[in-house]
Amino acid sequence: MTRFTPLLALSILAVQTVAFPQYQSLGGLSERELADILPRFTTVTPPSPPGPSNDTSVRLVNDAAHPYVPPRNGDMRGPCPGLNTLASHGYLPHNGIVTPTQIINAVQDGFGMDNSLAIQLTYSTMLVDGNPLTNLMSIGGKSPLTGPDPPKPAIVGGVDTHAVLEGDASMTRGDFFFGDNHSFNQTLFNELVAFSNRFGGGNYNLTVATEYRFYRIQQSIAENPTFSFISPRILTAYGEAAFTFIFFVDGRKADGQLSMEAALGFFRDGRMPDDFHRADGSKTSNLVDNSVDAIFAAHPVQPGGNNGTVNSYTLDPNSAGINDTCKGYTDFVNITVRSLYPNPQGALRNNLNKNLDLFFLHVAGQCSQVFPYGQ
Ligand code: HEM
């Protein structure tokens, strides 16, 4: 991961109201829901993101202002236990419909994630899963609360959307091929527990992460004929294995040892342990970088996938590997984003360009920016 380079001057949040293309029916919403969301269905110019936090200290985050409130019917939750937890503790809106600014503030405030990583994750996800016109995204499945969709092939399907960022061989979620790629899967969690008992003395730690990450890849190769493990999934897969023993461990302890009780709370319920303190935000960036390197180095699986039958893993020489930062960035923009937005016009194009500028921030200084829709 890379350091944040504030290339773009901070600008004031500009909100612009224009006639909205009604591509999607809003039927099915209650009057109360409509009253709540209709005023938000304006085209919003994406504002500049929050900068690094002034306060990166270890501190209580499961506090009186952020109690655990389980999701109500209709609240969106998805494959990311970090975002689910932030929504259920009120660092993000409880309904799981969020803006990039809210995500960046929430991951910094609630978990001590560094600004550059927060920007990278947030804008990559926003570009493929969010609504670029309303600047809203669901942290779970598709929702009318993100506003009327831009034209297809855009998906605007929320963080659950398979194959743009969400991917195979997750630790506690099944592969898309088996039907549910986003819900907590108790069978997989039991395997994580078994690995933690075998390699971590009952805790999830770096050794467990290296072995369980590799095991899940082997399992998908053996069981999922459509298994895909190319960029960007390859990077997130190693990143998330590391996040688990960095961000879910109480910052006062910060020993990289996650108990199974705490793990179950985060992965299944989106719930912080009582008295949970966040990690030291000045240290998490290096910890993530070093841990990803170590997890990968232990079992370096190169990008590839099965070819329609199980046990047919074939390397994909066209995919970026986990250390090909600039190719990973360029391919994400030119291939993944463009496949969803081949020819955007007007406000859609302007907002995509703005989000692309913001996504570029995490590699500014080391890669050249690409402009699929002109400058
Ligand atoms: C910054 C905004 C974030 C975004 C946009 C994001 C997005 C995602 C996505 C798309 C996935 C699904 C990947 C997959 O397994 O297929 C995921 C999984 C995951 N995320 Fe996040 N995430 C964010 C922040 C965090 C934070 C702060 C944490 C930890 C506190 C976290 C921990 C995890 C873990 C552990 C998984 C893997 C779940 C599993 O394999 O069972 N994420 N995230």
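**Exercises: helix pairs, an iron site and some odd backbone spots**

Let's start with a helix pair: α6 makes a right-handed crossing as it passes α9. (Right-handed is when the near helix is turned clockwise from the far one by less than a right angle, and left-handed when anticlockwise; helices are DSSP runs of H or I with at least four residues, strands are E runs with at least two, and both are numbered from the N terminus.)

Ground rules: this is a predicted model, where local features need pLDDT of at least 70 and side-chain atom pairs count only at pLDDT 80 or more, while totals for chains, interfaces and linings use all residues. Residue numbers run from 1 along each chain as its sequence is written, and side-chain values use heavy atoms, with hydrogens and water left out.

**Exercise 1.** Work out at what angle α6 and α9 pack.

*Solution.* Take helix α6 (residues 206–223) and helix α9 (residues 284–298): they pack at about 45°, and their axes are 9 Å apart. Axes here are lines fitted to C-alpha atoms, for helices over the stretch in contact, with angles from 0 to 180 degrees between N-to-C directions. That angle is why α6 counts as oblique to α9. The classes are roughly parallel under 35 degrees, roughly antiparallel over 145, roughly perpendicular from 65 to 115, and oblique for the rest.

**Exercise 2.** Do the same for α5 and α8: find the angle and the axis distance.

*Solution.* Helix α8 covers residues 260–269, and α5 packs with it at about 155°, the axes being 11 Å apart. So α5 is roughly antiparallel to α8. As for handedness, α5 passes α8 in a right-handed crossing.

**Exercise 3.** Find which protein atom is a donor to the iron atom of the ligand.

*Solution.* Cys 80 does it alone: its SG, at 2.3 Å, is the only protein donor. Donors are N, O and S atoms within 2.8 Å of the metal (3.2 Å for Na, K and Ca), and since water is not among the atoms, sites may look incomplete. On the chain, Cys 80 sits in the loop between α1 (31–37) and α2 (81–88).

**Exercise 4.** Describe what surrounds the ligand, by contacts and by class.

*Solution.* First, the polar pairs (N or O atoms within 3.5 Å): backbone polar atoms of Met 171 and Thr 172 each lie 2.7 Å from a ligand oxygen. Glu 166 puts a polar side-chain atom 3.2 Å from a ligand oxygen. Next, the elements giving two or more residues to the shell are α2, α3 (100–111), α4 (115–129) and α7 (233–246), with α7 supplying the largest share, four residues. Finally, the classes: 15 nonpolar, seven polar and four charged. (Nonpolar means Ala, Val, Leu, Ile, Met, Phe, Trp, Tyr, Cys and Pro; charged means Asp, Glu, Lys and Arg; the others, Gly among them, are polar.)

**Exercise 5.** Track down where the cis peptide bond to Pro 153 lies.

*Solution.* The bond runs from Lys 152 to Pro 153, with omega near 10°. Pro 153 belongs to the loop between β2 (137–138) and α5 (186–200).

Conventions. A polar contact is a pair of N or O atoms within 3.5 Å; within protein, one must be able to donate a hydrogen and the other to accept it, and residues adjacent in sequence count only if both atoms are side-chain atoms.
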